[in-house]
Amino acid sequence: MKTSIFLIGWTLLWGLATNTGLAEEHASPPPTVDEIVHKANHMAFYHGKDAKGKVEMVITDKQGRTRNRVFNMLRKDDGENDSDQKFFSFFQAPADVRKMVFMVHKHTALETEDDRWLYMPSLDLVKRIAAGDKRTSFVGSDFLYEDISGRSPAEDYHELLRTTDTQYVIRNTPKKPDDVEFAYYNAYIDKKTFIPMKMEFFKNGDQCYCIIESTKVEDIQAEENGNNVVYPTVTVSVARNLENGSTTQMIRSNIRYNVGLSDNIFTERYLRRPPRDAMR
Amino acid sequence: MRKTINPCVLLVPVLLMTVIFFDAQVHAEEENEKSFLDHFPPIEINGFFELRAGCRMQEDLYEKDSSVMESRLQAELFTYTDWAEFKYKGDVWGDGILERGEYDTREAWIFSRPTDFLDIKIGRQVLTWGTGDLVFLNDMFPKDWQSYFIGRDKEYLKAPSDAAKISFFTGLANIDVVYTPKFDSDRYISGEYISYWNGSLKRLAGQDAIVSADKPDRWFQDDEVALRVYRNINNYELALYGYRGFWKRPGGETTSGTAIFPELNVYGASARGQIGLGIGNIEIAYYQSADDESGSNPRINNSEMRYVVGYTQEFAKDVNASIQYYIEYMLGYSDYKENLSCGPARDHDRHVVTLQLTKLLMNQNLELSLSSYYSPSDSDAYFRPNMRYKFTDKIVLEGGANIFLGEEPHTFFGQFENNTNIYAAIRYSF
């Protein structure tokens, strides 16, 4: 009993600390590896109950040729404790995907596939997409599906390699190495915000082939249960594929949290005619 | 259809302009300090310009060597107010096969979401439902197989409807009702672009015998109603369908030999959802040929049962495969055979296996796909390989073929054997 009260108090303190940034670091015992990983997962993918924003991707290949992807994304959490989520992406560019909608009901339980739909407006076609390899490119960029919707911490073993003045360095090794292309990845997690600032993916032993970096973090004001809070959010990130020399810069803008998105949005009704929240 | 301007379609742009103007006026009175133009909703303008050419791979006595030859401009306008959305999409193209300029309104509609439980879309619109992958059972909205067979973009497989779609959303189930006040047929194989088996001539025919059909065309009398009741249970999508209208392509002929569209009612059901690693779908439909329920009139299509079962799965990185088994089962077959006066008899049932393969390469900029249909009962097949390369975000290059094979000249795909063609296209989007 004592322990659980202590834990609740500790969690509240941490919540306050990360939300306000006021707490002294030495006031709390150092977090365990699992706590760091769960906190980082939360900071990267689970701010607020829901969110909306615009995403722009600039993909630059080895020769310097660029391609753009622009879409508005809505997200709503569907389960407790950073689990299931629903995503709604309304594409604005390029021309061949304009006004297409990609909807995902993400399931974090192991062995449960995500539900995915694609709506093609020129055919008025709602296509059900077979759950695929989550380690494939998202819309042809250097980010993978999992980089956008999150990789469940339960899929990897985690090890704290070292702690620097500003970061925790965590090595993540897949529990099922045959399911993924990487042997392990190192995540550099900011000690104050718990935002993953850099991820390096390795294969064939120690060959680093992909780096994802958070290059800009902004404090986004939001309301949570009637209180004003601040969610530190990565607004610019860069994925570099070291094998083919391609780079993708992802810029997130117009981000708003806790906007009160309805569950109905993530159904066929809105897939066929997107809500204004997605179009604007 | 094409070229014929229908009052409904004219109405929509007029309404659109009125609404924009009215909306602007109302707001202008409320907030005089803003300039008049500030109150117009932003109008999004998009579209593409495309060149497409293709030729037959063998001689066809009844058609040109070119299978497709066109330069096309598509323009799309979209805007919205607080209570409604408006869209216009139209194509103009120079058609080298018909040797004339053509225009087609693809979409011209108003959409409104007046309450939590109601959506309304009125005007010219493309409509699709059902679970089949390029196989349609309960989707009775117009198709354009002619465009598909000559290698136009997949978008053109669906022809638009002039209709009102009203959707109700309730906790128990959702209901779509589509009312088409004047029958919209398929853009069926008429002989203009594609040669076909002509039952009365008992030979292949094409531009020498363009199908002239007597299409039901009385407003609000020759109408169509399509209904779908659907519900999603744990992401298993269940649906019931109903349709009252006409066979979508000529399904009979008069004693004088004019092609007609007999009355048709369709009742069906479908289910789709996750099975194992992929998506399974099953759909069934009963086609009740209302003008010949007994099947004794050889000049009118008999009633049919149609079934499809399918499965789609990503079986390697960026490689997707979908396989389906489709059956058309003719009801009252003995009556049909007894009364058949001439021509080869259809089989009792028609079986078709479809396989769709898609592979993405080069950072998903190159898409290779193959749509294939094989009928073991008709001993015929149709293959549609296609290659699309996104050269830039604005320029897409495309190449492909339509390959028809068959043992008999009168089977569904076999009759098109001489239309086997290859095509290429370049599209610039703006």
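This note covers the second largest pocket of a predicted model and the surroundings of Ser137(A).

1. Residues are numbered from 1 along each chain as its sequence is written, and chains are lettered from A in the order in which they are written. Because the model is predicted, local features need pLDDT of at least 70 and side-chain atom pairs count only at pLDDT 80 or more, whereas totals for chains, interfaces and linings use all residues, and side-chain values use heavy atoms, with hydrogens and water left out.

2. The second largest pocket has a volume of about 870 Å³, where a pocket is an open set of points on a 1 Å grid over the protein atoms alone, fitting a 1.4 Å probe and having protein on both sides within 12 Å along at least five of seven lines, and the volume is the space filled by probe spheres set on the points, which are joined across faces, edges and corners. Its lining (residues with an atom within 4 Å of a point) comprises 33 residues, of which Glu113(A), Gly132(A), Lys134(A), Glu155(A) and Asp179(A) are the closest to the centre.

3. By class, this lining has 15 charged residues (Asp, Glu, Lys and Arg), ten polar and eight nonpolar, with Ala, Val, Leu, Ile, Met, Phe, Trp, Tyr, Cys and Pro counted as nonpolar and the others, Gly among them, as polar. Strand S17 (304–316) of chain B gives the largest share, four residues.

4. Ser137(A) is buried, with a relative accessible area of 15% (buried means under 20%, with a 1.4 Å probe and protein chains only). Its side chain reaches the backbone nitrogen of Gly140(A) at 3.1 Å, and a polar atom of that side chain lies 2.8 Å from the backbone oxygen of Ser141(A).

Notes
Helices (H or I, at least four residues) and strands (E, at least two) are DSSP runs, numbered from the N terminus. Buried means under 20% relative accessible area, exposed over 50%, partly exposed in between (1.4 Å probe, protein chains only). A polar contact is a pair of N or O atoms within 3.5 Å; within protein, one must be able to donate a hydrogen and the other to accept it, and residues adjacent in sequence count only if both atoms are side-chain atoms.
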